[in-house]
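Hi everyone, thanks for making room for me today. I'd like to walk you through a structure that may be new to you, so please have a look at the screen.

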Amino acid sequence: MITLEHVYWLTGLMAGGVAIVNLRDASNPRRANNTAFWGLYAITFLAGSYLPDLVSGFLVIGMVLVASIRGLGQGKFKATREDEAASAARWGNKLFIPALTIPILTVLGTFAFKRIEIAGAPIVDVKQVTVISLAIATLVALTVGMLMLRPPLLAPIKEARRLLDAIGWAAVLPQMLAALGALFALAGVGTAVSGLATRWLPLGTPFAAVMTYGLGMAVFTMIMGNAFAAFPVMTAGIGLPLIVQRFGGDPTIMSAIGMLSGFCGTLMTPMAANFNIVPTALLELPDENAVIKVQIPTALLLLGANILLMNFFVFR
Amino acid sequence: MLPLIGVVVVVIGFVLRINPLLVVTVAGVVTGIASGLDFLEVVAAFGKAFITSRYVGIVWLVLPVIGLLEHAGLRERARTVISGFRAATTSKVLLAYFAVRQVTSALGLTSLGGHAQMVRPLIAPMAEAASENRYGDVPNATRYRIRAHSAAADNIALFFGEDIFIAIGSILLIRGFLEQNGIRVEPAQLALWAIPTAICAFVIHCTRLVLLERSLRAELARANADKA
């Protein structure tokens, strides 16, 4: 059976390849740092499941030190927009085939792998079917791309290295934030925040309770970077005791709209790095808050709309 | 209030624009020590959480093939295709992507989009090319704004579409949490109550995208007039 572990190995091999390409590239003034960074990252994927937590922790600290002391660099690449345009004219719309293979096969795989069994056992881990489908779709797309374009054999890993180095340390920020969230949870940050909210905010009327809950979900999500971490704390602290028990609100409506109020917070925080910071790196934007700035007006208007919707429907 | 010291570190770090990896690490260490763990326990907690959240890194697997195709001219081709549509504008490109992304997410097809596999190679180049065709040269500041809007459209459509699908993580989390508190709710009911917000998100963000076109038109007319 194909499991998440195999996908991790594949990701680890790619990161390891990126480290090796960096090692051999004299045009990158920081190549030792890049090699160490992606090499350590590769180890967390290849061996992470077997290492003691403390060893993994030191690998992570090592990556942080390599990325923050002197920092990572990038090699020089000679391809220009003119070269790309010439190649685009040659290949035409065929270029879309491998690109669209990825989403289409991922979706098909998500449905198909749940049903395909060999000798009574599923061929992939059904619980992780989406990411495994993504990995398989990517391999198929890569094969199609290689057969079509016939580039040098090492071209894909060199291209991966170009993109991964452009993303740089932002590539691992989402995992670091997940780790921080775990430590926050361990330290009881959630109860401290909801304690503050219940002590200092006006909660005497139904509307005040709804507003505090909605705003609390958004603010708490901004702190934790994740609405999933905010929801249990705010709902146990404010939602259930006040909106549901004291004022007789409907828990289904409260929870559904409460979670979506949290999502408004996700749009406004650098802590949600994979949505807000990684794309600025991927799109080569000089301001790492550029995506957040664009999202803030929608997030605030929608948060207001959520609070009004909840107030209107929850006490029907 | 001692546990909140980590939050303070994060806020200060981001405001001072210190390397976020370092900020997050320091915040984690401070929080852990404030709550009575010793340094090695904090390091182990970091290691454990980093390893268990490796699934977010799987998306990088698309980079070899995306890079290969970009090198072969994928982004240029996406631009050319858009320039074939006389009526295409940046806002129409983004509106169309937003609508498709929100509807497919609501059907559970969240993997049809994404920043690495769709926004960078296809959507952002198309959105940029639409303004280039219509208004002439696009200065870098405007180009960056269009790109940021491309990423934002993906995020907003995903967030406020996916909750309409009953088997998505957030619905399961809500259901599990309420059940622990003795309240039974139906996933279908939770999904139903995500629809009003989804409609608001669509109306609000699409209005903003229409307004974006106006502001791009004015901005680029000014920029190109200055030059001429």
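Let me start with something to look for: which residues form a nonpolar patch on the surface? The patch is made of B:V8, B:V11, B:I12, B:V15, B:L16 and B:I18. Taken together, those residues have about 550 Å² of accessible area. Before I go further, a word of caution: what you're looking at is a predicted model.

Okay, back to the patch, and let's pick out one of its members. B:I12 sits in helix α1 of chain B, which covers residues 5–15. Why can B:I12 count towards a surface patch? A patch residue needs over 30% relative accessible area, and B:I12 is partly exposed at 46%.

There's another kind of patch on chain B, and this one is charged. B:K92, B:R134, B:R214 and B:R217 form a positive surface patch. If you want to find B:R217, go to helix α11 of chain B, residues 195–227. The same cut-off of over 30% applies here, and B:R217 clears it because its relative accessible area is 45%, which makes it partly exposed.

Now let's go from the surface to something covered. Helix α5 of chain B runs over residues 74–83, and 7 of its 10 residues are buried. The buried ones are B:L74, B:R75, B:E76, B:R77, B:A78, B:R79 and B:I82. So what covers them? Part of the cover comes from chain A, including α4 (81–91) and α5 (96–112). Chain B adds its own helices to the cover, among them α4 (63–71), α6 (90–106), α7 (115–135) and α8 (140–162).

While we're in that helix, take a look at two of its charged residues. B:R79 and B:E76 make a salt bridge through their side chains, at 3.5 Å from N to O. The two are 3 residues apart in helix α5 of chain B, about one turn of the helix. B:R79 and B:E76 are both buried.

How many salt bridges turn up over all chains? The search of the whole structure gives 18. Let me show you a couple in chain A, in helix α7, residues 155–167. A:R162 pairs with A:E159 at 2.8 Å, N to O. Being 3 residues apart in that helix, they are separated by about one helical turn. A:R161 pairs with A:D165, this time at 3.2 Å, N to O. Those partners are 4 residues apart in the helix, and again about one helical turn separates them. Are these residues buried or exposed? A:R162 and A:E159 are buried, and both A:R161 and A:D165 are buried as well.

One of those pairs belongs to something wider. A:E159 and A:R162 are linked in a salt-bridge network with A:E284, B:E70, B:R75 and B:R120. You've already met B:R75, as one of the buried residues of α5(B).

Last, some background on chain A. Chain A has 15 helices and 2 strands, and its C-alpha trace spans about 70 × 50 × 45 Å along the principal axes. Of its 316 residues, 56% are buried. Chain A exposes about 13,100 Å², with carbon and sulfur atoms supplying 68% of that. On the charge side, chain A has 20 positive and 14 negative side chains, and the centres of those two sets lie 2 Å apart.

That's my tour, thanks for listening!

Technical notes:
Residues numbered from 1 in each chain as written. Chains lettered and ligands numbered in written order. Predicted model: local features only at pLDDT ≥ 70, side-chain atom pairs only at ≥ 80, totals over all residues. Heavy atoms only, no water. Patch = residues over 30% accessible without salt bridge, like charges linked within 9 Å, V, L, I, M, F, W, Y side chains within 5 Å. Areas by Shrake-Rupley, 256 points an atom, 1.4 Å probe, with all protein chains shown as cover. Salt bridge = Lys/Arg side-chain N within 4 Å of Asp/Glu carboxyl O. Lys, Arg positive; Asp, Glu negative; His and termini not counted. Charge placed at Lys NZ, Arg CZ, Asp CG, Glu CD. Buried < 20%, exposed > 50% of the residue type's maximum accessible area, 1.4 Å probe, protein only. Contact = heavy atoms within 4.5 Å.
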